[in-house]
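Here are some notes to read alongside the model, written as numbered points. Please keep the structure open as you go through them.

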Amino acid sequence: MTEAATRYLYLARHGEAASEESGLTPGGRRQAGLLGERLRAVPLAAIHHGPLPRAEQTARLIGERCPEVPLHRSEAAGDYIPYLPERAELPPESADTLLSFLTGATEEEISRGPELARRALESFTGPAAGGERHELVVTHAFLVAWLVRAAFDAPAWRWMGLRVANAALTVLAYTPGRPPSVVLLNDMRHLPAELRWTGFSPDRHDHRI
(Lines give C-alpha, C1' and ligand atoms only; values in the text may rest on other atoms or scores of the structure.)
Protein backbone atom coordinates (compact mmCIF):
# COMPACT_ATOMS: atom_id res chain seq x y z
CA MET A 1 0.00 0.00 0.00
CA THR A 2 1.37 3.42 -1.01
CA GLU A 3 1.89 5.76 1.92
CA ALA A 4 0.13 9.13 1.76
CA ALA A 5 2.14 12.35 1.90
CA THR A 6 1.50 16.08 1.93
CA ARG A 7 0.06 17.69 -1.17
CA TYR A 8 0.78 21.41 -1.64
CA LEU A 9 -1.82 22.97 -3.89
CA TYR A 10 -0.87 26.31 -5.44
CA LEU A 11 -3.86 28.30 -6.71
CA ALA A 12 -3.66 31.33 -8.98
CA ARG A 13 -6.33 33.37 -10.65
CA HIS A 14 -5.47 34.17 -14.28
CA GLY A 15 -3.75 37.44 -15.12
CA GLU A 16 -5.72 40.55 -15.98
CA ALA A 17 -7.86 39.86 -19.05
CA ALA A 18 -8.70 42.21 -21.91
CA SER A 19 -12.32 40.97 -21.76
CA GLU A 20 -14.18 38.01 -20.28
CA GLU A 21 -13.73 35.83 -23.39
CA SER A 22 -10.29 36.94 -24.48
CA GLY A 23 -6.66 36.58 -23.55
CA LEU A 24 -4.56 38.78 -21.32
CA THR A 25 -3.80 42.47 -21.35
CA PRO A 26 -0.12 43.49 -21.51
CA GLY A 27 -0.30 43.93 -17.74
CA GLY A 28 -1.83 40.48 -17.39
CA ARG A 29 1.02 38.95 -19.36
CA ARG A 30 3.51 40.67 -17.08
CA GLN A 31 1.65 39.35 -14.04
CA ALA A 32 1.77 35.80 -15.39
CA GLY A 33 5.48 36.03 -16.16
CA LEU A 34 6.29 37.35 -12.70
CA LEU A 35 4.24 34.61 -11.08
CA GLY A 36 6.16 32.09 -13.16
CA GLU A 37 9.44 33.55 -11.94
CA ARG A 38 8.26 33.18 -8.35
CA LEU A 39 7.26 29.55 -8.92
CA ARG A 40 10.41 28.61 -10.83
CA ALA A 41 12.08 27.15 -7.72
CA VAL A 42 9.00 25.18 -6.62
CA PRO A 43 9.21 21.46 -7.53
CA LEU A 44 5.89 21.49 -9.39
CA ALA A 45 4.70 18.13 -10.69
CA ALA A 46 1.97 19.64 -12.88
CA ILE A 47 0.29 22.86 -13.97
CA HIS A 48 -3.47 22.49 -14.43
CA HIS A 49 -5.45 25.25 -16.12
CA GLY A 50 -9.01 26.03 -17.10
CA PRO A 51 -10.11 25.95 -20.76
CA LEU A 52 -10.78 29.67 -21.24
CA PRO A 53 -8.14 31.75 -23.06
CA ARG A 54 -7.26 33.94 -20.09
CA ALA A 55 -6.45 30.92 -17.90
CA GLU A 56 -4.67 28.95 -20.62
CA GLN A 57 -2.50 31.90 -21.64
CA THR A 58 -1.57 32.56 -18.01
CA ALA A 59 -0.60 28.91 -17.54
CA ARG A 60 1.52 28.88 -20.70
CA LEU A 61 3.40 32.02 -19.66
CA ILE A 62 4.07 30.46 -16.25
CA GLY A 63 5.10 27.26 -18.02
CA GLU A 64 7.72 29.13 -20.04
CA ARG A 65 9.50 29.80 -16.72
CA CYS A 66 9.01 26.18 -15.61
CA PRO A 67 9.74 24.33 -18.86
CA GLU A 68 10.02 20.85 -17.32
CA VAL A 69 6.52 20.97 -15.82
CA PRO A 70 3.67 19.47 -17.90
CA LEU A 71 0.53 21.53 -18.54
CA HIS A 72 -2.91 19.93 -18.31
CA ARG A 73 -6.19 21.45 -19.50
CA SER A 74 -8.98 20.77 -17.01
CA GLU A 75 -12.70 21.56 -17.19
CA ALA A 76 -12.76 21.36 -13.38
CA ALA A 77 -10.38 24.35 -13.28
CA GLY A 78 -12.78 26.46 -15.35
CA ASP A 79 -15.04 29.41 -14.57
CA TYR A 80 -18.37 28.38 -13.06
CA ILE A 81 -20.67 28.83 -10.05
CA PRO A 82 -19.56 26.11 -7.61
CA TYR A 83 -22.64 26.37 -5.40
CA LEU A 84 -25.80 28.45 -5.72
CA PRO A 85 -27.21 29.11 -2.25
CA GLU A 86 -30.81 29.46 -1.20
CA ARG A 87 -31.77 32.77 0.38
CA ALA A 88 -32.49 31.02 3.69
CA GLU A 89 -28.83 29.93 3.96
CA LEU A 90 -27.49 33.47 3.80
CA PRO A 91 -27.20 36.12 6.52
CA PRO A 92 -30.41 38.22 6.22
CA GLU A 93 -28.51 41.51 6.18
CA SER A 94 -26.39 40.51 3.16
CA ALA A 95 -28.63 38.08 1.24
CA ASP A 96 -29.75 40.63 -1.36
CA THR A 97 -26.19 41.76 -2.07
CA LEU A 98 -24.82 38.24 -2.32
CA LEU A 99 -27.61 36.98 -4.59
CA SER A 100 -27.42 40.06 -6.84
CA PHE A 101 -23.74 39.22 -7.37
CA LEU A 102 -24.85 36.08 -9.23
CA THR A 103 -27.52 37.61 -11.47
CA GLY A 104 -25.16 37.72 -14.46
CA ALA A 105 -24.31 34.03 -14.31
CA THR A 106 -25.30 31.97 -17.32
CA GLU A 107 -27.54 28.91 -17.10
CA GLU A 108 -24.58 26.72 -18.08
CA GLU A 109 -22.37 28.15 -15.33
CA ILE A 110 -25.07 27.42 -12.77
CA SER A 111 -26.16 24.00 -14.00
CA ARG A 112 -22.68 22.54 -14.54
CA GLY A 113 -21.07 24.23 -11.55
CA PRO A 114 -21.82 21.78 -8.73
CA GLU A 115 -20.53 18.75 -10.66
CA LEU A 116 -17.37 20.59 -11.75
CA ALA A 117 -16.83 21.80 -8.18
CA ARG A 118 -17.11 18.21 -6.94
CA ARG A 119 -14.57 17.11 -9.57
CA ALA A 120 -12.20 19.90 -8.55
CA LEU A 121 -12.27 18.75 -4.93
CA GLU A 122 -11.74 15.17 -6.02
CA SER A 123 -8.91 15.97 -8.44
CA PHE A 124 -6.94 18.68 -6.68
CA THR A 125 -7.34 18.27 -2.92
CA GLY A 126 -6.38 15.79 -0.22
CA PRO A 127 -3.05 14.14 0.63
CA ALA A 128 -0.94 12.78 -2.21
CA ALA A 129 -0.05 9.14 -2.83
CA GLY A 130 3.57 8.16 -3.30
CA GLY A 131 5.40 11.13 -1.83
CA GLU A 132 5.13 14.87 -1.30
CA ARG A 133 3.52 16.60 -4.28
CA HIS A 134 3.33 20.21 -5.47
CA GLU A 135 0.72 21.20 -8.08
CA LEU A 136 -0.44 24.51 -9.54
CA VAL A 137 -4.00 25.22 -10.68
CA VAL A 138 -4.44 28.33 -12.84
CA THR A 139 -8.12 29.12 -12.62
CA HIS A 140 -10.68 31.80 -11.79
CA ALA A 141 -11.73 33.66 -8.66
CA PHE A 142 -14.74 31.46 -7.89
CA LEU A 143 -12.79 28.19 -7.76
CA VAL A 144 -10.03 29.68 -5.61
CA ALA A 145 -12.72 30.85 -3.18
CA TRP A 146 -14.47 27.46 -3.28
CA LEU A 147 -11.31 25.51 -2.45
CA VAL A 148 -10.34 27.89 0.36
CA ARG A 149 -13.89 27.53 1.76
CA ALA A 150 -13.53 23.75 1.65
CA ALA A 151 -10.16 23.89 3.41
CA PHE A 152 -11.81 25.71 6.31
CA ASP A 153 -14.82 23.34 6.20
CA ALA A 154 -17.04 26.43 6.03
CA PRO A 155 -20.69 26.35 4.89
CA ALA A 156 -21.09 25.76 1.15
CA TRP A 157 -22.30 29.31 0.46
CA ARG A 158 -19.24 30.85 2.10
CA TRP A 159 -17.20 30.81 -1.11
CA MET A 160 -19.00 34.07 -1.77
CA GLY A 161 -17.30 37.19 -0.47
CA LEU A 162 -13.67 36.09 -0.87
CA ARG A 163 -11.95 38.53 -3.21
CA VAL A 164 -9.14 37.14 -5.36
CA ALA A 165 -6.69 39.35 -7.25
CA ASN A 166 -5.33 38.54 -10.70
CA ALA A 167 -2.13 36.45 -10.54
CA ALA A 168 -2.20 36.37 -6.74
CA LEU A 169 -0.95 33.17 -5.11
CA THR A 170 -2.85 31.01 -2.62
CA VAL A 171 -1.30 27.83 -1.21
CA LEU A 172 -3.18 25.04 0.56
CA ALA A 173 -1.55 22.06 2.29
CA TYR A 174 -3.14 18.64 2.74
CA THR A 175 -1.18 16.57 5.25
CA PRO A 176 -2.27 13.06 6.26
CA GLY A 177 -3.93 13.00 9.67
CA ARG A 178 -4.39 16.79 9.82
CA PRO A 179 -7.06 19.18 8.61
CA PRO A 180 -6.17 21.18 5.48
CA SER A 181 -4.22 24.36 6.14
CA VAL A 182 -4.00 27.69 4.32
CA VAL A 183 -0.33 28.52 3.91
CA LEU A 184 -0.78 31.66 1.78
CA LEU A 185 -3.88 33.57 0.76
CA ASN A 186 -4.06 36.05 -2.11
CA ASP A 187 -0.34 36.84 -1.87
CA MET A 188 0.93 39.46 -4.34
CA ARG A 189 4.50 40.03 -3.22
CA HIS A 190 5.84 38.98 -6.65
CA LEU A 191 3.96 41.85 -8.33
CA PRO A 192 4.98 45.53 -8.38
CA ALA A 193 2.45 47.98 -6.95
CA GLU A 194 0.99 48.91 -10.34
CA LEU A 195 0.11 45.28 -11.09
CA ARG A 196 -1.48 44.44 -7.74
CA TRP A 197 -5.17 44.50 -6.95
CA THR A 198 -6.47 43.99 -10.48
CA GLY A 199 -9.67 42.02 -10.17
CA PHE A 200 -10.83 44.10 -7.19
CA SER A 201 -13.20 47.05 -7.16
CA PRO A 202 -11.40 50.41 -6.71
CA ASP A 203 -12.41 50.68 -3.05
CA ARG A 204 -10.40 47.51 -2.30
CA HIS A 205 -7.12 48.77 -3.76
CA ASP A 206 -4.29 49.29 -1.30
CA HIS A 207 -0.78 49.76 -2.69
CA ARG A 208 0.74 50.07 0.77
CA ILE A 209 0.88 46.27 1.15
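1. Let me begin right after helix α4, where G126 has a positive phi of about 90°. Before going on, please bear in mind that this is a predicted model, in which local features need pLDDT of at least 70, side-chain atom pairs count only at pLDDT 80 or more, and totals for chains, interfaces and linings use all residues. Residues are numbered from 1 along each chain as its sequence is written, and side-chain values use heavy atoms, with hydrogens and water left out. Helices (H or I, at least four residues) and strands (E, at least two) are DSSP runs, numbered from the N terminus.

2. Helix α4 itself covers residues 107-124, 18 residues in total, and spans 25 Å from its first C-alpha to its last. That is close to the 26 Å expected at 1.5 Å a residue, where the expected span is 1.5 Å times one less than the number of residues. Even so, α4 bends by about 50° at G113, with a proline, P114, following within four residues. The bend is the angle between axes fitted to the seven residues ending at a residue and the seven starting there.

3. Which residues of α4 are buried? They are G113, L116, A117, A120 and F124, where buried means under 20% relative accessible area, exposed over 50%, and partly exposed in between (1.4 Å probe, protein chains only). The cover over these buried residues includes β2 (7-13), β3 (46-49), β6 (133-139), α5 (141-151) and β7 (169-174).

4. F124 leads us to S74, in the loop between β4 (71-73) and α3 (95-100). S74 counts as buried because its relative accessibility is 14%. Beyond its neighbours within four places in sequence, S74 is in contact with H49, G50, P51 and F124; contact means heavy atoms within 4.5 Å.

5. R87 also has its place in the loop between β4 and α3. Its relative accessible area is 46%, so R87 is partly exposed. R87 and L99 are twelve residues apart in sequence, while their C-alpha atoms are 7.7 Å apart in space. Setting aside neighbours within four places in sequence, R87 is in contact with A95, D96 and L99.

6. Now for strand β2: it is largely enclosed by the rest of the structure, because six of its seven residues are buried. With β6, β2 pairs in the parallel sense over seven bridges, and Y10 stands opposite L136 in β6. With β7, β2 pairs in the antiparallel sense over six bridges, and the bridge partner of L9 there is L172. Two strands pair if DSSP finds at least two bridges between them.

7. T139 is worth a look while you are in strand β6. At 0% relative accessibility, T139 counts as buried. Not counting residues up to four places away in sequence, T139 touches A12, R13, H14, A77, G78 and V144.

8. Helix α1 (residues 26-39) has 14 residues and reaches 20 Å from its first C-alpha to its last, close to the 20 Å expected at 1.5 Å a residue. Its buried residues are G27, G28, Q31, A32, G33, L35, G36 and L39. What covers them includes β2, α2 (53-65), β6 and β7.

9. Next, the aromatic side chains. F101, F142 and W159 form one aromatic cluster, and the count comes to two aromatic pairs. Rings of Phe, Tyr and Trp (its six-membered ring) pair if their centres lie within 6.5 Å; planes under 30 degrees apart count as stacked, over 60 as edge-to-face and the rest as tilted. Separately, R149 lies over the face of W146, at 4.1 Å from the ring centre. For a charge over a ring, NZ of Lys or CZ of Arg must be within 6 Å of the ring centre and within 35 degrees of the ring normal.

10. Finally, two backbone angles to check in the loop between α5 and β7, at D153 and at A167. Most residues other than glycine have a negative phi. Phi of D153 is near 55°, a positive value, and phi of A167 is near 65°, also positive. Are these residues buried or exposed? D153 counts as exposed, at 69% relative accessibility, whereas A167 is buried, with a relative accessible area of 1%.
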